[in-house]
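Student: Hi! Could you help me look through a protein structure? I'm new to this.

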Amino acid sequence: MSVLTNPQLWASTLAMTVPLALPAIGGTFSERAGVVNIAMEGIMLIGAFFGVAFSYWTGSPWLGLVLGVLMGGLLAAIFAWAAIRLAADQVVLGMAVNIFASGLTAFLLNTLFGYGGTPPETPSLPFVSLPGLGPVFAHQSVLLYVMLAIVVISHWFLFHTRLGLRIRAVGENPLAADTAGLNVWRLRYIGVIVGGMLSALGGVYLSIGILNSFDVDMTNGRGFIALAAMIFGKWTPVGSFLASLLFGFATALGVALQGQGVSPDLLSMIPYVLTILALAGLVGRSTPPAADGIPYTPIR
Amino acid sequence: MLASVVAILIGAVIAAVLGFNPLAAYGALVTGAFGTSMALSSTLAGAVPLALAGLGVAVAFRAGLFNIGAEGQYWIGVIVAVWLGYHLTGLPGWLHTLVCVVGATLAGGLWGGVIPGLAKAYRGAHEVITTMMMSYIAIYFGQYLIAAGGPMHAPGYNAQSPQIVKDAWLTVLLPPQLTTAVFFAIGAALVVWWGTFHTTVGFRLRAVGANPHAARYAGISVPVYTVLALGLSGMLAGLAGGVQVLALDHRLMWGFNTGYGYTAIVVALMARNHPFGVLLAALFFSALSTGGQNMQMVSQLPSSLTDVLTGLIVFFVAAERIVPLTIAWYRRRRGARAQVASAREGGR
């Protein structure tokens, strides 16, 4: 039990939540607009790589962050174009993005930085300690606080603004939205690209938020855990965050219990098992947006 | 085919921009895949698990289902084949091999069919998500089994299982890697082809894939065929794992040869789900991977370029409408130009 009262466990739970919650909320934006997105993993990798690369080239981690996020947005825009304009199969496209991003980042790492990895003098984003909140909020990446703000802002945006309502409308019933005079394609582009930028921010956190380097496939499947968190969180920003918190806790607990007789591999299964149970309606039913994954041809 | 040509051209441009000679690099890739008997052996051997798992993915696609979790079913097949491979002793070699292969096949079928199949058929849970989640569960389960203290951990420092009894190994045909496993791939392709196009079950499966509503009115039980298609798909992926571990690694461990289950999806897509196309596509992607390593050694161009190519191929296969759209755009432009020209002539 002493494990659970150790503030280190809770600090690392929060630290592990960030790279899950950001892509999970990103996926929520995309799927609420009606575009199935399993490409979070790949977009995160792009964000992580270009975050480091631009941080090194410009000497400013903040420029690295902005440009890394923009590169993620660019990849998401290409994905969106094929999914929306070309009506391509969104799951297959997502796979293509993941394979492409994994290959491209590995390839660029080796051609631009050689086989020794990214330069050790790459600057990283600052760590911030909130005074008075104890060791849990001590020495956390600044992106943790950004992430917490994003949870609140995206909830407000999706559920309390006109644009948010419109994005959700094209994900539920694009024909009705179109009839009401909304531009379905444009709203879907917004959802996918904003979502991609949030996923890329999750990647930036991994590379220059908590480290200052990039490694091949450093996201290590987090994009897929984020997908699980998005579903378990019922396609809402707050739900995605809470699910990410739970999954982050499972990961942190696995690390804390290492060498204490509990297999970290078995603990790692928790997110996936919970997601299947949630989809099967055994742990709270998760239903995707009605038009999720269905391409739309505008009426003339 | 067009997709791969375009992807290869883009790859050449990327290589050229970064100052490499694309012709030399691709030359090294081809030599590395087919140039020597060793290369040929590796390419053919690598194509076997891709073909088997690719056939599995294709069978599910035929029923309109996307089995994205072939990787997990593959590993369940490996786990069961290895467990049977070192627990059973005293069987004649051929029988032992057969038991391992059948066990792996059934296990893959159960893993892919039962939970994702029933969840889809009766609760509407999307199979893309459930098979993907099952895949991760399988991989973590395998890691748990062979980690220190795990039930299949072999004594020693490395995280690996004991070795399968030697008598059960598949026979090497062309050293170093090509074994009798290749017959499983060819045989499975024939069976899947016959089953898909010449049996009632295959016809019904395709009917469910083409139009589930029409299939239901025709009296076909859509839930049964959903579970069946995912089960058959898992069986082939499990078979891929069983055959591969009996041919090469002979034990459960996490090496460099993972990811067959994911590439298998690409294989099925490129083959447009035709069993014989799957064999060719498997050969293509195996050659890309084997040759890519040679390319890296000879021309210093990182072998990850082959992943970039694969990603581009999948993108262009998915975005097939890019072709008619481009043609339409070109025609419109030409049409507009012709109009302008005729307007000018009319004005004269």
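Tutor: Happy to! Let's go through chain B, its contact with chain A, and one helix, keeping in mind that this is a predicted model.

Student: Great. What helices and strands does chain B have, and how many of each?

Tutor: Chain B has 14 helices and 2 strands.

Student: And what box do its C-alpha atoms fill?

Tutor: Taken along the principal axes, the C-alpha atoms of chain B fill a box of roughly 95 × 60 × 35 Å.

Student: How much of chain B is buried?

Tutor: Of the 348 residues in chain B, 51% are buried. There is a figure for its contacts as well: among those with a separation of 6 or more, 75% are between residues 24 or more positions apart.

Student: Okay, new topic. How many residues does each chain bring to the contact?

Tutor: Chain B brings 43 residues and chain A brings 42 residues. The area buried between them is about 3700 Å², and carbon and sulfur atoms give 82% of that.

Student: Which three residues of chain B supply more of its buried area than any other three?

Tutor: Those are R123(B), M133(B) and Y140(B), which supply 16% of the area that chain B buries against chain A.

Student: How many salt bridges are there across the interface?

Tutor: The rule finds 0 salt bridges between chain B and chain A. There are, however, 4 residue pairs in polar contact, with both residues at pLDDT 80 or more.

Student: Which helix gives the largest share of chain B's side?

Tutor: That's α6(B), with 12 residues. Helices that each supply at least two residues to that side are α5 (93-123), α6 (127-146), α11 (260-270), α13 (305-318) and α14 (322-347) of chain B.

Student: What kinds of residues are on that side?

Tutor: On the side of chain B that touches chain A, 33 are nonpolar, 7 are polar and 3 are charged.

Student: Switching again: how far apart are the end C-alpha atoms of helix α1 of chain B, and what span should I expect?

Tutor: Helix α1 of chain B covers residues 2-17, so its 16 residues should span 22 Å at 1.5 Å a residue. Its end C-alpha atoms are 23 Å apart, which agrees.

Student: Nice! Which residues of α1(B) are buried?

Tutor: They are A3(B), S4(B), A7(B), G11(B), A12(B) and A15(B).

Student: And what covers them?

Tutor: The cover includes α2 (22-35), α11, α12 (275-299) and α13 of chain B.

Student: What follows α1(B)?

Tutor: G19(B) follows α1(B), and the phi of G19(B) is positive, near 85 degrees.

Notes:
Residues numbered from 1 in each chain as written. Chains lettered and ligands numbered in written order. Predicted model: local features only at pLDDT ≥ 70, side-chain atom pairs only at ≥ 80, totals over all residues. Heavy atoms only, no water. Contact = heavy atoms within 4.5 Å. Buried area = accessible area lost by both parts, 1.4 Å probe. Salt bridge = Lys/Arg side-chain N within 4 Å of Asp/Glu carboxyl O. Polar contact = N/O pair within 3.5 Å; in protein donor to acceptor, adjacent residues only side chain to side chain. Helix = DSSP H or I, 4+ residues; strand = E, 2+ residues; numbered from the N terminus. Nonpolar A, V, L, I, M, F, W, Y, C, P; charged D, E, K, R; others polar. Expected span 1.5 Å × (residues − 1). Buried < 20%, exposed > 50% of the residue type's maximum accessible area, 1.4 Å probe, protein only.
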